[in-house]
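Q: Please take a close look at the open sheet in this model and at the helices that pack against the strands. What is the strand order, and how do the neighbouring helices run?

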Amino acid sequence: MSHRPGSGLAAVSTALLAMSRHLEVRDVLKTIVASARELLDAEYAALGVPDDHGGFAQFVVDGVSDAQWKAIGPLPRQHGILAAMLQEAKTERLADVRKDPRFEGWPSAHPDMSDFLGLPIKDGDEIMGALFLANKRCPKPDGGCGFTEDDEELLGILAQHAAIALTNARLYERSRELTIAEERSRLAHELHDAVSQKLFSLRLTAQAATALVDRDPGRAKGELQQVAALAAEAADELRAAVVELRPAALDEDGLVNTLRTHIQVLDRAHDARVTFDTTGIRALPAAQEEALLRVAQEALHNALRHSGADAVDVVLVRHGQGAVLSVTDDGKGFEPKAVRRAGRHLGLVSMRDRAGGVGGRLTVESAPGQGTTIEMEVPGG
């Protein structure tokens, strides 16, 4: 296999290490596809993870630009050769995929492909996905396929390790989901223990005040004062429990990865394009990281639910020993002073409180028709 540009033990080792380095399923899929295309010197590579409805839950490509991918349109269905690999768990090596009787065509914007190598990714009897390569970059024998038996063997090794990496990534994501569920359960118990007794006392005191209003207004007034005191205590207990709940993902993944994952989810879930860019960020004290995450979440919620924006850009950069977060949208904007006069604050009070609580500052720039930028600066530790 020495003729291959990306061949050799070092190249294979690099690909396998890259796959094992990632924990998120999407990152693992992208690494598998890029590694396969580079190792086998193919023009195009793709990996499809099937769903239970005849389509693909995830489909990752390499060698196709974002513009091309968008023009191609919806994800493919499980048909033709793709279906064969998923249903029969059989490797396919073809001189010209377009001449195969199972070929059913592709969208007009799809790049033209000829020689083809594909095989399933399996974990025991489970078919986790299918890996496809097309257009080997080499002279083709007359009527033959550019991909060789050596390529097929190498891709098989890669697929075995891909199955391990995908299994580990799925286990990691499941573990994180369980951690979040356990944390929510803990919070529910704490809220019940800390607040329910106060609320019960508050209810009884309010009932007593109601009964005394007509016959003993003085005592009723005292009971109502007690109601106010109990309500304040309950609010303090609730606030303490919520503040204690540091997002589990922050401890596991750090601020940058947690924020990136959150933004990727929002980008998929909303029509607006949501982007994230970061430069030079280092670990910050826990309180600063949590405050930055909460403000980013609140600002993103406002932008996606209320602004009508087509694009929301989140930037997190290092500033001295601290950091600066900015969330900018191209939505309808608003007049901050008018919002305050109307008694609405769009979470701005909460965001300012969070910034001030860690020694930072929050600024808001917005005007009708000119979008909104929310910027938060925090010091380092």
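**The open sheet and its helices**

A: Helix α10, residues 348-357, lies across β9 and β10, and its direction makes about 145° with that of β9. The model is a predicted one, with a mean pLDDT of 81 for the protein chain and 83% of the residues at 70 or more; over residues 1-6, however, the pLDDT is below 50, although this stretch has 15 contacts in the model beyond near neighbours in sequence.

The sheet to which β9 and β10 belong is open and has five strands, in the order β6-β7-β8-β10-β9, with mixed pairing. Its edges are formed by β6 (273-279) and β9 (361-366), and because each of these has a single partner strand, one side of each is left without a neighbour in the sheet. From one strand to the next, the twist averages 10°.

At the β6 edge, the partner is strand β7 (residues 311-319), which runs parallel to β6 and is joined to it by seven bridges; within this pairing, Phe-276 has Val-314 of β7 as its bridge partner. Helix α8, spanning residues 286-306, also packs on the sheet, where it touches β6, β7, β8 (322-329), β9 and β10 (372-378), and its direction makes about 5° with that of β8. Returning to the other helix, α10 lies across β9 and β10, and of these two strands β9 is an edge strand with a single partner.

Definitions and conventions:
Residues numbered from 1 in each chain as written. Predicted model: local features only at pLDDT ≥ 70, side-chain atom pairs only at ≥ 80, totals over all residues. Heavy atoms only, no water. pLDDT = per-residue confidence, 0-100. Contact = heavy atoms within 4.5 Å. Pairing = 2+ DSSP bridges. Helix = DSSP H or I, 4+ residues; strand = E, 2+ residues; numbered from the N terminus. Axes fitted to C-alpha atoms, helices over the stretch in contact; angles between N-to-C directions.
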